[in-house]
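I opened this notebook to record what I looked up about the chain as a whole, about the way its elements pack, and about one residue taken singly.

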Amino acid sequence: MSNTNMNSTNIDKQPLKLAATSTLVKSMMIFVGISGCFSVLFGAWLAHGGQTLPVKVQSSLATALQYQFFHTLALLVTLVWLKVTKPSKVLVSACIAFFTGILLFCGVIYIKSFSELALIGKLTPFGGIAFALGWLLLAFESKNNF
């Protein structure tokens with residue numbers, strides 16, 4: 001009897017997991033659009049209006065922008081991969097890692113460049129680790145799919 005209840009409970013939870021994953025994927029896809037738009041607009045501003053900033057700040061911002069753009073594309077590809085294959089915890093984790101990396105690496109550099117919050121810079125390495133983890137998760141999932 002408990003085995004039947006256990007299987008029934010697992011089956012009942014499956015639609016909830018799929019719905020949560022679907023909501024996460026939709027939210028991340030919206031983030032991809034916003035992040036891509038920001039990358040283009042901020043890149044244009046940095047190339048023109050940002051020329052009055054100190055060279056060191058320009059360099060930091062350019063690095064953050066480059067990483068944001070590449071990892072926004074990586075997140076997009078990972079989301080598409082997730083959409084066209086069966087649900088995968090590894091791919092969802094890679095998406096979360098890329099999202100976290102964009103916020104903690106790029107976002108922190110942006111904030112640090114335009115404010116006096118030097119302490120926030122201590123979060124940047126965690127963003128870099130999140131980026132690396134996202135790529136490793138893709139490698140792991142590739143091993144199982146290709």
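Entry one, a helix pair. I began with the handedness of one crossing, and found that α2 passes α3 in a left-handed crossing. I was working on a predicted model throughout. Sorting the residues of the contact of α2 with α3 by class, I noted 21 nonpolar and 6 polar residues, with no charged residues. For the geometry, I read that the axes of α2 and helix α3, which spans residues 89-114, come within 9 Å and cross at roughly 165°. Because angles over 145 degrees count as roughly antiparallel, I entered α2 as roughly antiparallel to α3.

Entry two, another partner of the same helix. How are α2 and α4 arranged, and at what angle do they pack? I found helix α2 (residues 55-84) packed against helix α4 (residues 124-145) at an angle of about 30°, their axes being 12 Å apart. Since angles under 35 degrees count as roughly parallel, I set down α2 as roughly parallel to α4. I also checked the handedness here, and the crossing of α2 and α4 is left-handed. I then listed the residues that meet: on the α2 side they are Y67, H71, A74, T78 and W81, and on the α4 side F131, W135, L138, E141, S142 and N145. By class, I divided the residues of this contact of α2 with α4 into 6 nonpolar, 4 polar and 1 charged.

Entry three, a single residue. Is V77 buried or exposed? I located V77 in helix α2, and I recorded it as exposed because its relative accessible area is 54%, where exposed means over 50%. I also looked up its separation from C95, and noted that V77 and C95 lie 18 residues apart in sequence while their C-alpha atoms are 9.5 Å apart in space.

Entry four, the chain overall. I counted 4 helices and 0 strands, and reading from the N terminus I wrote the order of the elements as α-α-α-α. Of the 146 residues in the chain, 34% are buried. For the accessible surface of the chain I noted a total of about 9200 Å², with 72% of it belonging to carbon and sulfur atoms. Finally, I looked at how far apart in sequence the contacting residues lie: among contacts in the chain with a separation of 6 or more, 69% come from residues 24 or more positions apart.

Terms used. Residues are numbered from 1 along each chain as its sequence is written. This is a predicted model: local features need pLDDT of at least 70, side-chain atom pairs count only at pLDDT 80 or more; totals for chains, interfaces and linings use all residues. Side-chain values use heavy atoms; hydrogens and water are left out. Axes are lines fitted to C-alpha atoms, for helices over the stretch in contact, and angles run from 0 to 180 degrees between N-to-C directions. Angles under 35 degrees count as roughly parallel, over 145 as roughly antiparallel, 65 to 115 as roughly perpendicular and the rest as oblique. A crossing is left-handed if the near helix is turned anticlockwise from the far one by less than a right angle, and right-handed if clockwise. Contact means heavy atoms within 4.5 Å. Ala, Val, Leu, Ile, Met, Phe, Trp, Tyr, Cys and Pro count as nonpolar, Asp, Glu, Lys and Arg as charged, and the others, Gly among them, as polar. Buried means under 20% relative accessible area, exposed over 50%, partly exposed in between (1.4 Å probe, protein chains only). Accessible areas come from the Shrake-Rupley method with a 1.4 Å probe; for residues, only the protein chains shown count as cover.
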